[in-house]
Amino acid sequence: MSLAQHLPALQVVLPLISAPLAVLSRRAGLAFLIVTAAAWTAFAIAIALWLQVDLSGPVSYPIGNWEPPWGIEYRLDRLNSFMLVLVSGMAAIVLPYSRASIEREIPQESHYLFYAMLGLCLTGLLGMSITGDAFNLFVFLEISSLSTYVLIAMGRDRRALTAAYQYLIMGSIGATFIVIGIGFLYLMTGTLNLADMVDRVARIENSRPGLAALAFITVGVSLKVALAPLHQWLPNAYTYAPSSVSAFLAATATKVALYALIRFYFTVFGDAFLFEKLPLPKMMLVLSLFAMFFANFIAIFQDNLKRLFAYSSIGQIGYITLGLSFDSVDGVAASIMHLFNHGVAKGAIFLLIGAIVARLTTRQAAPPAPGFDRIAGLAKSMPWTCFGIVIGGLSLIGVPGTAGFISKWYLVLAAVDKGQWWLVGAILFSSLLAVAYVWRFVEAAYFRAPPAGREAFGEASLFLLIPAWLLVGATLWFGIDTSFTVGSAIEAAQQLVHSHQ
Amino acid sequence: MRNDLVLRVIGRLMIPSILLFALYVQFHGDFGPGGGFQAGVIVAAGIVFYALIYGVTATRRLVPDSVVETMVAAGVLIYAGVGLAGLLLGGHYLDYSVLGHDPVHGQHRGIFWVEVGVATTVCGVMLKIFYMFTSRGNSED
């Protein structure tokens with residue numbers, strides 16, 4: 001058997017092995033090299049798998065040679081090969097950035113553990129995306145969640161601990177709900193293989209355990225997604241985590257949870273049942289609108305940049321679930337695109353905020369909160385960093401030429417297609433809220449005078465700037481050349497929507 | 001408590017049998033209740049018992065932190081290594097059948113090493129948690 005056949009297993013196994021190797025190396029430099037090499041290899045594998053799916057259709061890999069549906073199956077289709085590219089790509093960019101970024105954020109002696117945890121987190125997220133087995137999905141969810149709690153708690157601000165604890169409680173409730181839901185499904189269908197469940201779910205969909213399973217999975221996954229009003233853990237977690245962790249989580253963790261939601265809704269339960277017989281579209285519509293307006297509105301009044309963009313993330317998740325609630329190829333495609341486009345833009349923004357924090361940090365003190373009075377007039381000393389955040393912000397607003405425009409455009413098309421003109425207005429109006437908070441940054445960084453007594457400092461180090469600008473570049477690139485994002489998203493949506501008929 | 005005669009004698013009697021029982025649970029896992037997880041916990045319990053009698057400092061000399069940390073990582077590596085061995089010998093990832101001269105033998109060998117990996121990591125994690133709790137308040141603050 002050639003190596004190419006084993007790529008689905010290696011996709012998860014290589015990051016998994018990198019974590020204990022990083023622990024055994026006990027040296028920050030070596031651990032960094034090991035985990036970065038694993039992340040880059042994982043990225044290469046993800047691209048290879050995406051191409052394989054693109055050329056020859058779904059790929060199935062039986063773990064331990066136990067044929068599905070008895071054994072655990074890794075199954076790749078349009079949707080999750082796309083997710084793998086996003087997750088591993090973000091890891092490949094965030095890891096080199098971490099080297100310089102955690103220098104002052106995390107005590108030197110626990111650097112190797114940081115890399116090990118990041119490797120485990122990557123393993124969990126990749127595993128969640130690639131697996132075709134419901135229980136295996138839960139196991140990988142736990143791997144990624146547990147390592148995430150540790151990563152957040154590593155932040156130097158003491159509040160990082162309470163943020164991690166809060167997330168631990170909420171995340172554990174979510175994970176418990178998910179496993180209860182999967183348990184019900186297993187009880188009723190007698191299988192854990194997601195593809196095998198598809199045929200059997202139709203028989204139980206009107207039964208009470210079937211509905212209970214759906215409810216548990218919906219609430220559990222929504223907690224991990226941070227769908228408003230279940231978002232309480234997110235702002236603190238993103239604010240106090242180390243900068244590179246904030247960027248990695250914002251770009252991947254909630255996105256993979258959203259992938260799990262799409263997988264359960266469209267592949268397992270089927271939209272014909274969920275969206276036509278149950279009041280789910282209305283519920284999702286209300287929650288999405290709530291997230292879009294409420295979170296974006298709160299974001300405007302935040303004084304800490306990281307917290308501002310954390311609330312903005314909650315708002316952006318509203319657009320993604322809004323697209324799902326349309327239950328049309330355009331709507332679901334817009335959601336999948338927005339997963340990717342928002343992940344890239346938000347990753348870039350958090351990486352650049354990390355660069356600002358690194359500059360504001362003095363050697364002794366804990367990193368200061370990047371508040372608006374501290375960043376006043378920053379554009380003069382850090383032009384590239386500030387300009388990058390502005391471009392990321394434009395993508396959040398959805399200005400043409402950026403990636404965010406593409407996904408919002410498809411979202412508007414889907415709304416028009418459904419004849420919901422008022423939703424077009426809602427999307428535009430909530431984007432105005434995004435204009436307001438991005439403008440607050442522009443106003444502070446470009447038009448205010450620097451506070452008296454701040455030492456002069458220069459642009460962020462290139463080790464921080466280059467990875468961040470790769471993502472800024474990607475935001476612009478995917479705003480112009482949409483063949484990868486739109487192409488993948490539409491084909492994935494075509495496989496998902498009405499797949500049960 | 002190391003001067004307490006009763007505890008010391010009981011400890012000397014119990015700790016070897018606890019460790020022996022752990023090995024029984026470990027190797028009997030193929031045929032009956034037991035396996036790596038339980039065995040790892042039992043080994044760790046034996047060492048925690050030692051720590052209760054002779055103190056944490058003596059225990060840390062016996063099983064140093066570096067050994068514990070190595071155990072945590074090594075177990076995962078053994079597990080993943082078994083999977084990769086299956087892959088390199090021409091099977092799928094975690095395919096035990098190709099590990100021996102015939103599939104039954106291979107399955108035996110595969111699950112044996114996987115359980116060794118599980119026991120190593122579980123024991124390491126248990127001790128790590130124990131050390132972290134007992135060292136609170138001593139080194140910091």
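Colleague: How many residues does each chain bring to the contact of chain B with chain A?

Modeller: In this predicted model, the contact takes 18 residues from chain B and 13 residues from chain A. On the side of chain B that touches chain A, ten residues are nonpolar, six are polar and two are charged.

Colleague: How many helices and strands does chain B have, and in what pattern?

Modeller: Chain B has five helices and zero strands. Its pattern along the sequence is α-α-α-α-α.

Colleague: Is chain B compact or spread out?

Modeller: The radius of gyration is compared with the value that the globule rule gives for the number of residues. For the 141 residues of chain B the rule gives 14 Å, and the radius of gyration is 18 Å, well over that value, so chain B is more spread out than a compact globule. The C-alpha trace of chain B spans about 55 × 35 × 20 Å along its principal axes.

Colleague: What does the comparison give for chain A?

Modeller: Chain A has 20 helices and two strands. Its radius of gyration is 22 Å, close to the 23 Å from the globule rule for 501 residues, so chain A is as compact as a globular protein of that length. Along the principal axes, the C-alpha trace of chain A spans about 70 × 55 × 40 Å.

Colleague: How should a pair of packed helices be read, in general?

Modeller: Two packed helices are described by the angle between their axes and by the distance between those axes. In chain B, helix α1 (residues 5-28) and helix α2 (residues 36-54) pack at an angle of about 170°, with their axes 8 Å apart. Because angles over 145 degrees count as roughly antiparallel, α1(B) is roughly antiparallel to α2(B).

Colleague: What is the handedness of the crossing of α1(B) and α2(B), and which residues meet there?

Modeller: α1(B) passes α2(B) in a left-handed crossing. Among the residues of α1(B) in this contact are Leu7(B), Gly11(B), Ile15(B), Ile18(B), Ala22(B) and Val25(B). The residues of α2(B) that they meet include Ala39(B), Ile42(B), Val43(B), Gly46(B), Phe49(B) and Ile53(B). By class, the contact of α1(B) with α2(B) has 15 nonpolar, five polar and one charged residue.

Colleague: At what angle do α6(A) and α8(A) pack?

Modeller: Helix α6 (residues 159-189) of chain A and α8(A) pack at about 155°, and their axes are 7 Å apart. α6(A) and α8(A) are therefore roughly antiparallel to each other. Their crossing is left-handed. The contact of α6(A) with α8(A) divides into 18 nonpolar residues, five polar and one charged.

Colleague: How do α10(A) and α13(A) cross?

Modeller: The axes of helix α10 (residues 243-269) and helix α13 (residues 305-326) of chain A come within 12 Å and cross at roughly 20°. Because angles under 35 degrees count as roughly parallel, these two helices, α10(A) and α13(A), are roughly parallel to each other. α10(A) passes α13(A) in a right-handed crossing. From α10(A), the residues Ser246(A), Ala250(A), Thr254(A), Leu258(A) and Ile262(A) take part. They meet Lys306(A), Ser313(A), Ile317(A), Ile320(A) and Leu324(A) in α13(A). This contact of α10(A) with α13(A) comprises six nonpolar, three polar and one charged residue.

Colleague: Which domains does the assignment give for chain A, and how far apart do their C-alpha centres lie?

Modeller: The domain assignment gives domain 1 (1-163 + 235-263) and domain 2 (278-501) of chain A. The C-alpha centres of these two domains lie 22 Å apart. Their contact takes 30 residues from domain 1 and 37 residues from domain 2. On the side of domain 1 that touches domain 2, α3 (78-101), α9 (233-240) and α10 of chain A are the elements that give two or more residues. That side of domain 1 has 15 nonpolar, seven polar and eight charged residues.

Colleague: What is the usual state of phi and of the peptide bond?

Modeller: Most residues other than glycine have a negative phi, and most peptide bonds are trans. Asn65(A) has a positive phi of about 60° although it is not a glycine. Asn65(A) lies in the loop between β1 and β2 of chain A.

Colleague: Which peptide bonds are cis, and where do their prolines lie?

Modeller: One of them runs from Pro68(A) to Pro69(A), with omega near 10°. Pro69(A) lies in the loop between β1 (59-62) and β2 (73-76) of chain A. Another cis peptide bond joins Ala228(A) and Pro229(A), with omega about 5°. Pro229(A) is in the loop between α8 (208-225) and α9 of chain A.

Terms used. Residues numbered from 1 in each chain as written. Chains lettered and ligands numbered in written order. Predicted model: local features only at pLDDT ≥ 70, side-chain atom pairs only at ≥ 80, totals over all residues. Axes fitted to C-alpha atoms, helices over the stretch in contact; angles between N-to-C directions. Helix = DSSP H or I, 4+ residues; strand = E, 2+ residues; numbered from the N terminus. Parallel < 35°, antiparallel > 145°, perpendicular 65-115°, else oblique. Left-handed = near helix turned anticlockwise from the far one by under 90°. Contact = placed C-beta atoms within 7 Å. Nonpolar A, V, L, I, M, F, W, Y, C, P; charged D, E, K, R; others polar. Domains from an automatic or database assignment. Rg over C-alpha atoms; globule rule 2.2 N^0.38 Å.
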